[in-house]
Amino acid sequence: MKNLIQYLLILLLMFIMIACKKDHENTLNITLIDLDGNSYKTIQIGTQIWMAENLKTTLYADGTKIPLIEQSPDWEALGYRDKAMSYYNNSIQHKATYGALYTWAAAMNGYEGSAVMVQGVCPDGWHLPGDGEWKELEIYLGMNPSEADRFNFRGTNEGSQLAAYASLWNHDPMLNDNETLVNNADFGKSGFEAIPAGHRSPNGLFNQMGEIAVFWSSSESGDSYGLTRLLHSYNTRVHRFTDSKKEGYSVRCLKN
């Protein structure tokens with residue numbers, strides 16, 4: 001009887017270890033620190049390793065300062081090639097949770113070539129993800145490859161999987177799972193932990209914190225538009241679209 005109990009205890013321990021490994025198979029012990037000294041969580045999703053927080057650096061990897069633009073008229077006066085960053089409502093109190101908002105030129109650090117990997121505003125060893133790399137992430141989470149190439153909202157619940165921190169998202173508990181990002185059963189499943197940092201419009205106004213998360217890619221559409229990814233509090237899917245390079249959006253970096 002004693003041997004049987006010991007055997008059962010060993011089996012139970014093995015089961016717990018396997019279960020724990022499966023629950024944490026996407027976690028990765030990589031410390032990412034920018035030149036400001038900000039540290040970021042990271043997450044492995046498929047073969048990709050992503051930041052699991054929004055970038056908040058004020059410096060490029062070579063130590064160059066990113067212009068901080070606070071006044072709305074100054075932001076509105078920016079050109080499509082002007083680098084600029086800000087914090088939502090010009091409040092540094094938002095930095096720790098939501099990170100910073102960058103123009104496309106700032107996210108790219110002014111790069112205008114055709115390289116596959118563009119470091120841009122990211123720390124050494126990391127780069128601004130291209131449109132194809134965002135698609136790879138979405139497809140891994142279950143999006144049909146043919147649908148990934150489309151614009152507007154695509155997929156099923158990949159947006160819910162990418163999001164996290166339900167208390168930060170505006171949501172109505174009376175809406176069903178297909179109408180709200182937070183209520184979906186797979187909310188937060190991926191570990192990407194997207195949060196609704198909102199954006200800064202080309203006219204310099206801040207909008208939609210709590211409602212949307214928008215991320216730049218390194219891909220563009222002409223001189224004035226960059227490709228983006230958007231999550232909306234009232235949709236479980238992921239929106240792919242082009243927008244003005246003068247917008248202030250969040251940045252997530254991808255490991256080289």
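**Close-up views of a predicted model**

**Figure 1. The largest cavity.** By class, four nonpolar residues, two polar residues and no charged residues make up the lining of the largest cavity. The model shown here and in the other figures is predicted. Tyr88, His94, Tyr98, Gly99, Leu101 and Ala197 line this cavity. Of these, Tyr88, Tyr98, Leu101 and Ala197 count as nonpolar, while His94 and Gly99 count as polar. The volume of the largest cavity is about 30 Å³. The count of cavities of 30 Å³ or more is one.

**Figure 2. The second largest pocket.** This pocket holds about 160 Å³ of space. Its lining is made up of five charged, four nonpolar and one polar residue. The charged residues are Arg81, Glu112, Glu220, Asp223 and Lys245. Tyr80, Trp104, Ala105 and Tyr111 are the nonpolar ones, and Gly110 is the polar one.

**Figure 3. Glu220 and Lys245, a salt bridge between two lining residues.** Glu220 and Lys245 are both among the residues that line the second largest pocket. Their side chains form a salt bridge, with a distance of 2.4 Å from N to O. Glu220 belongs to strand β11 (residues 212–221) and Lys245 to the loop between β13 (238–244) and β14 (254–255), so the bridge ties together parts that are 25 residues apart in sequence. Glu220 is partly exposed because its relative accessible area is 37%. Lys245, at 5%, is buried.

**Figure 4. Lys41 and Glu193, a salt bridge between two loops.** The side chains of Lys41 and Glu193 meet in a salt bridge, with 2.6 Å from N to O. Lys41 sits in the loop between β2 (39–40) and β3 (42–45), and Glu193 sits in the loop between α7 (158–162) and β9 (199–200). The pair thus links distant parts of the chain, 152 residues apart. Lys41 has a relative accessible area of 37%, so this residue is partly exposed.

**Figure 5. Glu138 and Arg229, a buried salt bridge.** In the salt bridge of Glu138 with Arg229, the closest N and O atoms are 2.8 Å apart. Glu138 lies in helix α5 (residues 131–140), and Arg229 lies in strand β12 (residues 225–232). These distant parts of the chain are 91 residues apart. Glu138 and Arg229 are both buried.

**Figure 6. Salt bridges in the model.** Side chains of opposite charge can pair when their charged atoms come close. The model has ten salt bridges. Among them are the bridges of Lys41 with Glu193, Glu138 with Arg229 and Glu220 with Lys245.

Definitions and conventions:
Residues are numbered from 1 along each chain as its sequence is written. This is a predicted model: local features need pLDDT of at least 70, side-chain atom pairs count only at pLDDT 80 or more; totals for chains, interfaces and linings use all residues. Side-chain values use heavy atoms; hydrogens and water are left out. On a 1 Å grid over the protein atoms alone, a cavity is a set of points where a 1.4 Å probe fits but cannot get out, and a pocket is an open set with protein on both sides within 12 Å along at least five of seven lines; lining residues have an atom within 4 Å of a point. Grid points are joined across faces, edges and corners, and a volume is the space filled by probe spheres set on the points. A salt bridge is a side-chain nitrogen of Lys or Arg within 4 Å of a carboxyl oxygen of Asp or Glu. Helices (H or I, at least four residues) and strands (E, at least two) are DSSP runs, numbered from the N terminus. Buried means under 20% relative accessible area, exposed over 50%, partly exposed in between (1.4 Å probe, protein chains only).
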